[in-house]
Amino acid sequence: MHRVLRAAGLAGWVTNLEVRLPSGVRFLDVAFRGARVAIEFDGREFHGPGQFEKDRQRQNQLVAAGWRLLRVTWQMLDNPAEFLAQLKTMLRGQRSVV
């Protein structure tokens, strides 16, 4: 994901940003602090069935704290155009139209 962000010329992101949530301290995979946009990378190794409920709880707590969250998988990064378009929309402060 870092290579995709760099290749797209995106700057201003940090990795492993510490945030305090009701469930405890958590670390965001990638965060654009000023825009309060977070990217969470969901790999199968760490986000299997046992982690599913915890991931949703964490996501809800982040949204309640004012973060917008974009979830990404390896497969999505094979052709990153859609991911990058969604991210750029979020960074501009717009809502995606569904």
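A nonpolar core, as the term is used on this tour, is a set of buried Ala, Val, Leu, Ile, Met, Phe, Trp, Tyr and Cys residues joined through side-chain atoms within 4.5 Å, where buried means under 20% relative accessible area, exposed over 50% and partly exposed in between, with a 1.4 Å probe and protein chains only. The model is predicted, so that local features need pLDDT of at least 70 and side-chain atom pairs count only at pLDDT 80 or more, while totals for chains, interfaces and linings use all residues. Residues are numbered from 1 along each chain as its sequence is written, and side-chain values use heavy atoms, with hydrogens and water left out.

**The largest core**

Select M1, L5, I39, F83 and L87, which have the most contacts inside the largest nonpolar core, a set of 17 residues. Two or more residues of this core come from each of α1 (2-7), β2, β3, β4 and α4, and α4 gives the largest share, four residues. Helices (H or I, at least four residues) and strands (E, at least two) are DSSP runs here, numbered from the N terminus.

Next, centre the view on L87, which, leaving aside its neighbours within four places in sequence, is in contact (heavy atoms within 4.5 Å) with L5, L10, F32, V37, I39 and L70. A second, separate core of nine residues can then be coloured apart from the first; V19, L21, A38 and W67 are among its members. In soluble globular proteins, nonpolar side chains tend to be buried together.

**The sheet and the helix on it**

Now show the strands as a cartoon: four of them form an open sheet of mixed pairing, in the order β1-β2-β3-β4, where two strands pair if DSSP finds at least two bridges between them. At the edges are β1 and β4 (68-72), each of which pairs on one side only. On average, and with direction ignored, neighbouring strands of this sheet are turned by 45° against each other. Axes are lines fitted to C-alpha atoms, for helices over the stretch in contact, and angles run from 0 to 180 degrees between N-to-C directions.

Add helix α4 (residues 81-91), which packs on the sheet and touches β2, β3 and β4, its direction making about 170° with that of β4.

**Two hairpins**

Follow β1 into β2: the two strands run antiparallel and are joined by seven bridges, with a hairpin of two residues connecting them. To check the register, select V14, whose bridge partner in β2 is A31, and then E18, which stands opposite F27. While in β1 (residues 14-21), stop at N16, a residue other than glycine whose phi is nevertheless positive, near 55°.

Continue to β2 and β3, which pair in the antiparallel sense over three bridges, V30 having I39 in β3 as its bridge partner. Their hairpin has four residues between the strands, and R36 there takes a positive phi near 55°. R36 counts as partly exposed because its relative accessibility is 32%.

**The aromatic pair**

Finally, select F41 and W74, whose rings are edge-to-face, 4.9 Å centre to centre with 90° between the planes. The structure holds one aromatic pair, by the rule that rings of Phe, Tyr and Trp (its six-membered ring) pair if their centres lie within 6.5 Å, with planes under 30 degrees apart counted as stacked, over 60 as edge-to-face and the rest as tilted. The pair links distant parts of the chain, 33 residues apart, with F41 in strand β3 and W74 in helix α3 (residues 74-78). Is each partner buried or exposed? F41 counts as buried at 17% relative accessibility, whereas W74, at 58%, counts as exposed.
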